[in-house]
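Thanks, everyone. Let's walk through this one together, from the ligand outwards. Please have a look at it first.

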Amino acid sequence: MKKTLLSLRNLTKQFDGKTVLDSLDLDIADGEFITLLGPSGCGKTTLLRLMAGFEHPDAGSISLAGEELIDVAPENRPLNTVFQHYALFPHMSVFDNVAYGLKMEKRPKDEIRQRVEEALAMVQLQDYVARKPHQLSGGQQQRVAIARAVVKRPKMLLLDEPLSALDFKLRRTMQVELKRLQRELGITFVFVTHDQEEALSMSDRVVVFKDGVVQQLGTPREVYERPANLFTARFVGETNFFPGRVEAADAGDSITVDVLGLKRTFRRPDFAVVDGQSLHVLLRPEDIRVLAPDDTEGLPGRVVERNYKGSTLDSVIHLEDGTEVLASEFFDEDDPTFDYRLGEPVRVSWVDGWEWLLPEESA
Ligand code: ATP
């Protein structure tokens, strides 16, 4: 584990008597790409604004490399912010936009030129120095905003949904570019998004938030494959939740669970289980296998939705007891198991070993 750069302790913020962040503890490592992920209104922007110094916490501390930041003015904190609606100066060239902060610091001309050129090369805009913002595409403008933020060599860059105004394709391209830039610069990135796919694909670690409380902090794989609770499982990707009942809790490393009438053996979960206990069996749509109706495995059901997505065939299947199952399989025309149509009977099974168990009382 790399050393901690920013430490948040017991951070609390209220607006009009409503708690937006509740005794938050978080350590951000030097050089990591960490993403704050959560639904609208959960407090992501507030947390970023506290780090940047645009808001003052009601309680708690924010320390950077051991130095308390709470009473340090925003402009004196060694971090920079890129907002969703980045405001470039419309009358200034790309060069002058990026140079602005360094000119304010009264840096020597040669140094300014060199650093601006370097920053623009990093975002691959070295050929656009003389253009005005209105002569650039949305993605190019966003890159100027990022160059302007990195040119001051902050220890940390705070990015609040910087890609959300871009169209789908440009957004994907910029995700890759931002990640590359972060790797090359070694700057710690704190990135805010409500897009779970963006969070998973870009981050070293993801912080899942709900109502100002951290639900889980982990690598993208931990958060997706081993969600800490039902909220995280639901928010990060789509999930099937099947009701399970423990049949034999005492079989060493494994337990036997009745799932919708099927007896299955699972790895022992990290919470205590006893015979007869109810629990949730989580299966991602891509873990589900749709089988022919005459197959001997699985559970009988009927296809109620069928969406061909190009790379996958996604479907919704209703089991006979009314349970709804989401399935997503790679489409392979040579494989007859995919040969099902809307309304047809099928059987539903899943890949053993991919399920994840959560206790019934999990929030
Ligand atoms: P979004 O994804 O919609 O931007 P968010 O997770 O970033 O949401 P915040 O902007 O941090 O959420 O807001 C958290 C809560 O705090 C919301 O209920 C919001 O209305 C409230 N809030 C934020 N700023 C203020 C403010 N200056 N005064 C009063 N309430 C505020």
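One term before we start: a residue counts as near a molecule if its C-beta atom, placed from the backbone, lies within 6 Å of it. And keep in mind that this is a predicted model.

So, which residues surround the ligand? Going along the chain, we meet Phe15, Asp16 and Val20. Then comes Gly38, followed by Ser40, Gly41, Cys42, Gly43, Lys44, Thr45 and Thr46. His194 completes the list.

Which element gives the largest share of that shell? Helix α1, residues 44–52, with three residues. By type, the shell has seven polar residues, three nonpolar and two charged.

Now the domains. The chain splits into domain 1, residues 4–234, and domain 2, residues 240–359. Their C-alpha centres are 39 Å apart. Domain 1 puts six residues into the contact, and domain 2 puts in four. On the domain 1 side, three of the touching residues are nonpolar, two are charged and one is polar.

There is also a record to mention. An unreviewed UniProt entry annotates residues 6–236 as "domain: ABC transporter". Over residues 6–236, the chain is 36% helix and 27% strand. The C-alpha atoms at the two ends of that stretch lie 25 Å apart.

Last, the whole chain. It has 363 residues, and 33% of them count as buried. There are eight helices and 20 strands. The C-alpha trace spans about 75 × 45 × 40 Å along its principal axes. Take the contacts between residues at least 6 apart in sequence: 65% join residues at least 24 apart.

Notes
Residues numbered from 1 in each chain as written. Predicted model: local features only at pLDDT ≥ 70, side-chain atom pairs only at ≥ 80, totals over all residues. Helix = DSSP H or I, 4+ residues; strand = E, 2+ residues; numbered from the N terminus. Nonpolar A, V, L, I, M, F, W, Y, C, P; charged D, E, K, R; others polar. UniProt positions renumbered as here; feature names shortened; annotations may be inferred. Domains from an automatic or database assignment. Contact = placed C-beta atoms within 7 Å. Buried ≥ 20, exposed ≤ 12 C-beta atoms within 10 Å, placed from the backbone.
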